Amino acid sequence: MLIEADLHTHTVASTHGFSTITENCVRAKESGVKCLAMTDHGPAMPDSPHIWHFGNMRVLPRKILGVTVLKGVEANIIDYDGGLDVCDGSPYKFEFVVASYHRYYFENFERQSEETVTKGYLKLLENPSVDMIGHPTTKHFPVDWRVLVSAAKEAGVLLELNESSIRDGKSPKETVVEMLLECKKQRCPIAVNTDSHFWGTIAETPISEQILQELGFPRGLIANADWAELRERILKRRPCLDI
Ligand SMILES: [Zn+2]
Ligand SMILES: [Zn+2]
């Protein structure tokens, strides 16, 4: 198994998700995964949870069936100036923030230039709440990898290798390879996640594993391959977390 923490997972709280946090944790435990970040969609997504979902995540225990649960969000990047639909001024304390572009909430979405999208990410990286950029390889938002990888490394923000996005054809393999080669070259850490919307796919990353193997990608650059190391990394950014 490649990963000891799955940092991008959805539950029934996003209505296009089909499993509960408990079902996800049952699968995580069976798979030997020690940590799950629960990252349902921020409010800009049409079927995101009611905002109270995020406020009430505090009622969940730190561990479910022995699996550490990070109470997070997949925040939506809503413009090309680093704007997010949660976090800035949000009353809720998130324990893990994935920030992702999705085309669904852009009115009359038009594919922007590499320069515009990259500039948007650079602004986003100035936001200290962000822990990871979700599926940066998606074909609708082209990126200058040399610039983004360097800035993400500098900011300590993870770039994601997203299994669902490759499987569903949203992230073309050539783009994924481009990102990984640049990360390898610049020694920038990534996180490999499932973006699971059903318990059966928690911790299942066969396509990502195949590509990483083909490229001889160093295991040491996979931030969620080892839970103890990842825990240290998270605590550096969020020293008050009781994990
Ligand atoms: Zn997403
Ligand atoms: Zn997602």
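**Figure 1. Eight helices and eight strands make up the protein.** The model is predicted. The protein has 243 residues, and its radius of gyration is 16 Å. A compact globule with that number of residues would have a value near 18 Å, so the two agree. Along the principal axes, the C-alpha atoms fill a box of roughly 45 × 40 × 35 Å. Buried residues account for 46% of the 243. Take the contacts between residues at least 6 apart in sequence: 79% of them join residues at least 24 apart.

**Figure 2. Strand β7 is largely enclosed by the rest of the structure.** The strand covers residues 158-162. Five of its five residues are buried, which is why β7 counts as largely enclosed. L158, E160 and N162 point one way from the strand. L159 and L161 point the other way. Residues on both sides are buried.

**Figure 3. Strand β7 pairs with β6 and with β8.** Strand β6 spans residues 132-133. Two bridges join β6 to β7, and these strands run parallel. I133 has L159 of β7 as its bridge partner. Strand β8 spans residues 190-193. Four bridges link β7 to β8, again in parallel. Here L159 stands opposite I190 of β8.

**Figure 4. A helix connects to the β6 and β7 pair in a β-α-β unit.** The helix is α4, residues 145-155. Together, β6, α4 and β7 form a unit that is right-handed.

**Figure 5. The largest nonpolar core holds 62 residues.** Six residues have the most contacts inside this core: V33, L36, V97, A99, L159 and I190. Strand β4, residues 67-76, gives the core its largest share, five residues. L159 and I190 also face each other across β7 and β8.

**Figure 6. L36 is among the core residues with the most contacts inside the core.** This view leaves aside the neighbours of L36 within four places in sequence. L36 is then in contact with D6, T9, N24, C25, A28, V67 and V69.

**Figure 7. E115 is partly exposed.** E115 sits in helix α3, which covers residues 114-124. E115 has 13 C-beta neighbours inside 10 Å, and a residue counts as exposed at 12 or fewer and buried at 20 or more, so E115 falls in between. A151 lies 36 residues from E115 along the chain. The C-alpha atoms of E115 and A151 are separated by 14 Å.

Conventions
Residues numbered from 1 in each chain as written. Chains lettered and ligands numbered in written order. Predicted model: local features only at pLDDT ≥ 70, side-chain atom pairs only at ≥ 80, totals over all residues. Pairing = 2+ DSSP bridges. Right-handed = clockwise from strand over helix to strand, strands pointing away. Core = buried A, V, L, I, M, F, W, Y, C linked by C-beta atoms within 7 Å. Contact = placed C-beta atoms within 7 Å. Rg over C-alpha atoms; globule rule 2.2 N^0.38 Å.
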